[in-house]
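Reader: I'd like a close look at a single part of this one. Could you pick out a helix and walk me through what is around it?

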Amino acid sequence: MSAEKSGRRRGSALIASLMVVLVVAGLGVAMVQVHSAVTRKQVRAIDTKRAFYVAEAGLSEAFMALSYGKSGIVADEDVPARFGDGVYWVEATELADGTVALISNGLCGSGRFSLAVVVATEVSPMTELGAFSGRTLTVHEGCVVDGYDSSLGTYAEQLPPGEGDMGGGARIHSNSDVVLFGDRPGSAATVQGDVHPGPDGQALMGSAVLVTGSTAPVESAAPLPAIEVPQLESHGDLLIDDPDRPLVLARQEVAYDRLTIAAGATARLDGPLILRVAELIAQPGSTLVLDTVAGPITVICTDSIALHEGSKVSCPGQDPTSLALLIDAHEPEQGDGDGAGGDGQPVRIEASGDFYGFLYAPHATLVLPASLRFFGALAADRVVLASGARVSIDRARATARTGLEHLPELVAWHIVSLPDTPLVKLRLDPLGQLALQGITPLETSLAHKERNINIKYFDTTGILRLFTGAEADFDWSAVGVLVAVDWS
Amino acid sequence: MKTTRVPAAARARAGFTILELVIGLVILGLLLANVGMVLRSSTAAFEAGALSGALENQLEQTMDRIELAIMSSDGEDLAPSAPLSASIIDYERCLGVEDGELVLDDPERIELVLGSGQVVWTQNPEAAGERRVVWTRWVPEYLELELPNGADDNDNGVIDEGGLAFDLDGKQVSIRLTLEREDERSTRYARTRESRVTCRN
């Protein structure tokens with residue numbers, strides 16, 4: 001009996017201890033639950049942030065793809081591309097105004113994020129401005145500027161019957177003032193389109209000047225980008241003086257110190273061609289033919305250019321998007337000796353004929369004479385359209401290669417709603433989900449829609465080459481100068 | 001068989017001596033005190049952990065919201081203009097492009113409301129259709145370690161900045177935010193985050 005009583009008494013301390021242990025354990029469980037809830041939230045927030053960066057990486061990849069001339073489509077929702085611990089795919093849609101909308105969907109852990117950008121591809125900072133001057137742009141009396149679109153046909157084909165000009169489409173820009181002369185009706189300057197002076201500039205017009213578009217100043221000045229001069233071995237001086245044996249430069253990349261076309265002689269440049277020349281001189285009575293029918297031509301004059309009065313320029317291809325004449329010459333300081341122009345000016349364009357292309361002289365004054373009918377775009381430190389000059393700005397030139405470096409331009413960036421796809425809706429690790437389906441995400445380098453390349457280029461030894469096939473098989477280090485590239 | 005009988009007097013004496021009771025009570029007291037201390041410290045640790053976690057979460061969430069809002073905005077339309085530092089920012093979020101033109105959402109504002117210590121997001125501020133949402137509370141008047149004394153106490157290059165501070169530098173915005181709470185024992189918990197974002201538009 002006594003032993004039984006003693007046994008009952010022994011349990012009371014255990015109960016008290018158990019209660020204490022239970023309370024502490026309960027607190028512990030509550031703490032663990034709170035902490036795990038906090039951790040879950042934090043993990044979700046971190047995953048969302050990682051998904052955001054994966055989506056941004058996708059946008060960058062697509063952006064660079066656009067700059068290479070690809071569509072911008074990278075992988076798809078069925079087989080996305082892998083990036084770090086996440087996956088992404090980018091959709092690209094060409095919009096009506098020529099821009100491209102890229103939507104990148106990034107997935108990482110339980111995080112999901114979709115971003116979109118609108119990108120203007122192939123925007124040339126210069127050619128889209130039409131006629132552009134870093135300093136005051138002068139339009140003299142009798143000068144007519146209009147615009148057209150060479151992608152729709154030739155100027156003559158688009159000219160309204162019975163009209164002397166297009167009646168619109170001109171674009172004139174300056175970082176400073178734009179001065180248009182003409183107080184007498186019939187002989188005053190005419191601009192069939194917009195005239196935009198610089199942010200602090202004005203459009204100063206004679207009383208009889210006609211401008212059909214806007215004359216509002218631009219919000220910010222545009223810089224004149226530097227010309228990238230190709231590194232080529234020069235073949236020295238070249239004089240073309242035999243009227244019966246015209247010089248033909250075609251399908252190559254070549255450099256000379258001084259190229260002189262004597263009176264009566266002809267120099268014919270056939271594309272694809274890249275010509276670097278320190279001085280280009282066309283003497284009176286000479287002819288310079290720039291034929292872009294078979295491919296584009298880029299001429300880079302590093303020191304001076306003189307197309308003297310009486311010389312002739314012709315462009316049989318009539319395609320302003322395929323010819324670029326880039327003049328890297330610098331305006332001399334006062335008192336400097338003569339350049340090729342003979343009066344100290346490094347750029348003298350006095351030839352007659354037709355010029356279809358892009359004329360660019362970022363460090364010099366460019367005077368366009370009445371004798372040279374101009375189609376395309378032009379930009380210079382200072383632009384002067386001489387009395388009676390006829391200029392037609394080509395809108396297609398804005399999206400053509402200029403020979404100047406540029407990237408696609410970001411127009412807009414915004415967050416978009418997530419796509420309604422199973423991989424997105426299941427808030428599970430996408431890599432695990434894809435593995436369950438037996439899908440291996442693509443490496444980024446293999447995830448672009450376009451995998452084949454058709455490329456025309458000058459190799460590092462200056463020989464024109466063609467390659468068609470898988471991009472993975474192409475050796476990019478062999479490219480000296482790119483002429484044209486197509487992706488498929 | 002012989003049985004031993006316990007005398008009645010001896011049965012009456014059965015139990016604890018006073019010494020045993022004292023020792024037992026002392027041990028019990030020590031045990032209870034220990035348990036109490038464990039409970040107190042674990043409760044304090046629990047509260048501190050929960051408070052810090054909540055504060056961290058709130059801070060992360062608010063900063064993420066602010067960062068995304070500013071990233072989506074047009075850098076040229078931000079107000080106040082650089083290089084001012086302020087506890088308020090006005091911006092317009094980009095919605096995309098239509099006919100080649102940037103489409104912007106209604107004007108929005110993120111501000112620190114002094115007194116209530118709230119970060120408030122407002123759509124159409126001071127205009128018809130104004131909409132206000134409190135993104136977080138517990139924002140002190142000044143950033144952590146900063147005092148209103150005309151000096152840069154927290155050594156971050158800004159003087160007397162608020163608990164929410166925007167510092168504009170071109171299209172880049174530095175965002176600083178402190179959240180601060182007190183528990184029942186008047187212990188202060190403060191968390192600060194700083195980030196720099198670039199307006200994408």
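**A close look at one helix**

Author: Before we get to the helix, a quick word on chain A: of its 488 residues, 44% are buried. Bear in mind that this is a predicted model. Chain A has four helices and 28 strands, and among its contacts with a separation of 6 or more, 58% are between residues 24 or more positions apart.

Now over to chain B and its helix 2, which runs over residues 18-71. How far apart should its ends be? With 54 residues at 1.5 Å a residue, helix 2 of chain B should span 80 Å, and because its end C-alpha atoms are 77 Å apart, the two figures agree.

Which residues of this helix are buried? They are B:Q58, B:L59, B:T62, B:M63, B:I66, B:I70 and B:M71. As for what they pack against, the buried residues of helix 2 meet a set of strands of chain B: strand 2 (88-98), strand 3 (101-113), strand 4 (118-123), strand 5 (131-136), strand 7 (172-182) and strand 8 (188-198).

The helix also has a part in the meeting of the two chains. Here 24 residues of chain B are in contact with 20 residues of chain A. On the chain B side, the elements giving two or more residues are helix 2 and strand 2. Helix 2 of chain B gives the most, with 14 residues. Sorted by class, the side of chain B that touches chain A comes to ten nonpolar, ten polar and four charged residues.

So helix 2 of chain B has buried residues packing against strands of chain B, and this helix also gives the most to the side that touches chain A.

Key:
Residues are numbered from 1 along each chain as its sequence is written. Chains are lettered from A and ligands numbered from 1 in the order in which they are written. This is a predicted model: local features need pLDDT of at least 70, side-chain atom pairs count only at pLDDT 80 or more; totals for chains, interfaces and linings use all residues. The expected span of a helix is 1.5 Å times one less than its number of residues. A residue is buried if 20 or more other C-beta atoms lie within 10 Å of its own, exposed if 12 or fewer, and partly exposed in between; C-beta atoms are placed from the backbone. Two residues are in contact if their C-beta atoms, placed from the backbone, lie within 7 Å. Ala, Val, Leu, Ile, Met, Phe, Trp, Tyr, Cys and Pro count as nonpolar, Asp, Glu, Lys and Arg as charged, and the others, Gly among them, as polar.
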